[in-house]
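Please open the model in your viewer, show it as a cartoon, and keep the selection tool at hand for the stops below.

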Amino acid sequence: MHCDTTGAAPIERVDASAYTIPTERPESDGTLQWDATTVVVVEVQAGDQVGLGYTYAHEAAATLVTGKLAGIVEGRDALAVRSRWLEVMRATRNLGRPGEVSMAISAVDIALWDLKAKLFDLPLTVLLDAAHDGVPIYGSGGFTSYTIPELQAQLAGWAEQGIPRVKMKVGRDPDVDVDRVAAARRAIGDDVELYVDANGAYTRKLALRMSYAFSDYDVRWHEEPVTSDDLEGLRLLRDQGPPGMDIAAGEYGWDLPYFRRMLDGGAVDCLQCDVTRCGGITAVLMTGALCHAHSVDVSAHTAPQASAHVFSAVVPLRHLEYFHDHVRVERLLFDGVLEPEAGMLRPDRSRPGMGLEFKHADAERLAATSHKQ
């Protein structure tokens, strides 16, 4: 391990790049349409090791990293990751921490943890003292832009891979949602769990009515039936919805107080947390402890390669969203990606850090925008 005379490993350089990658076809959910995915990749160097982090954000997050965060952490000890996290949190107070700032911090924090694990020549899951040797996953996609045959093929494909739970989007056209859910159930059979995600598209009463309609097809998970800002509405759905259907939200949580309000309000049966949005691995570990204290499970929201490591260390873990777009992007950009095994992602304990290598040349060919310094 490369350290100076004090035993510290000084951070020498922080780079960030943004890449916008077109989707295979236009996609939509209940409230949004898109045709590309932007990923911001952060690299942090100390000695002969480079830590890798990333977030799914606007390219502005890359400018925040190189223009603000890099100056805070460069020259500081890479082995004191929580101290670095506290420093960047304090230094960004006046920038508007929710949103892009939180995502930029998340990418840097992930890179710092990856770097620390590499400096100690340990897999990240080991450094974090994992509570689980693998993370259960659910296949996620089923966009509202898909035809019914496309929807059925994607969900059935995950089931055939041994993934025992799948999720589809609803909410864009409530008049057809029940028929699409019925078609999904026919495609996957009775033994695979079926989830729906409305992305906050429904009103409270419509969401309650749709929940009971979906329950006829044994839907076990209703994600953001109303906007995640409506904690009273989520609590209504949790209290009055059909038995056996969990209400989930939290993917837009930017900080610990957000998750505390959601838990104190009894808004969810399972809280979602996104390591690339909430403040990184440091924040995920605190959120996991908060959920444990509330006896509420945590579900990892997307970014499967980073999430598989950090959420292996979250005690009240439910599962990880194996999201179609992110799976595709991470395979394009990184070597060493984990592949599902019997419905699980198991961190590779033979490689240090997250076990990922950034494919710079491939990324540059894919890039719509690139920021470096």
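The tour that follows goes through a predicted model, stop by stop.

**First stop: an open sheet**

Begin by selecting residues 13-28, which form strand S1, together with residues 49-55, which form strand S3, and then add residues 33-46, which form strand S2. These three strands make up an open sheet in the order S1-S2-S3, with antiparallel pairing. Because S1 and S3 stand at the edges and each has a single partner strand, one side of each is left without a neighbour in the sheet. If you look at how the strands are turned, neighbouring strands of this sheet make an angle of 20° on average, direction ignored.

Next, look at the pairing of S1 with S2, where twelve bridges join the two antiparallel strands. To pick out one bridge, select Glu27 and then Trp34, its bridge partner in S2.

**Second stop: helices across the sheet**

With the sheet still displayed, add residues 324-333, and you will find helix H12 lying across S1, S2 and S3, at about 130° to S1. Then add residues 97-119, helix H3, which lies across S2 and S3 and runs at about 150° to S3.

**Third stop: Ser106**

Stay on helix H3 and select Ser106, which is located within this helix. Is Ser106 buried or exposed? Its relative accessibility is 0%, and Ser106 therefore counts as buried. Now show side chains and trace the one from Ser106 to the backbone nitrogen of Gly280, which it reaches at 3.1 Å. If neighbours within four places in sequence are set aside, Ser106 is in contact with Val275, Thr276, Arg277, Cys278, Gly279 and Gly280, and these residues can be selected together with it.

**Fourth stop: strand S9 and its partners**

Select residues 270-273, strand S9, which is covered on both faces: Cys270 and Gln272 are buried on one side, while Leu271 and Cys273 are buried on the other.

Add residues 246-249, strand S8, which runs parallel to S9 and is joined to it by two bridges; here Ala249 stands opposite Leu271. Colouring residues 256-264 then brings out helix H9, which together with S8 and S9 makes a right-handed β-α-β unit.

Finally, select residues 297-300, strand S10, which is parallel to S9 and joined to it by four bridges. Leu271 has Val298 as its bridge partner in S10. To follow the chain from S9 to S10, trace it through helix H10, residues 281-294, along a β-α-β crossover that is right-handed.

Terms used: Residues are numbered from 1 along each chain as its sequence is written. This is a predicted model: local features need pLDDT of at least 70, side-chain atom pairs count only at pLDDT 80 or more; totals for chains, interfaces and linings use all residues. Side-chain values use heavy atoms; hydrogens and water are left out. Buried means under 20% relative accessible area, exposed over 50%, partly exposed in between (1.4 Å probe, protein chains only). A polar contact is a pair of N or O atoms within 3.5 Å; within protein, one must be able to donate a hydrogen and the other to accept it, and residues adjacent in sequence count only if both atoms are side-chain atoms. Contact means heavy atoms within 4.5 Å. Two strands pair if DSSP finds at least two bridges between them. Axes are lines fitted to C-alpha atoms, for helices over the stretch in contact, and angles run from 0 to 180 degrees between N-to-C directions. A crossover is right-handed if, with the strands pointing away from the viewer, the path from the first strand over the helix to the second runs clockwise.
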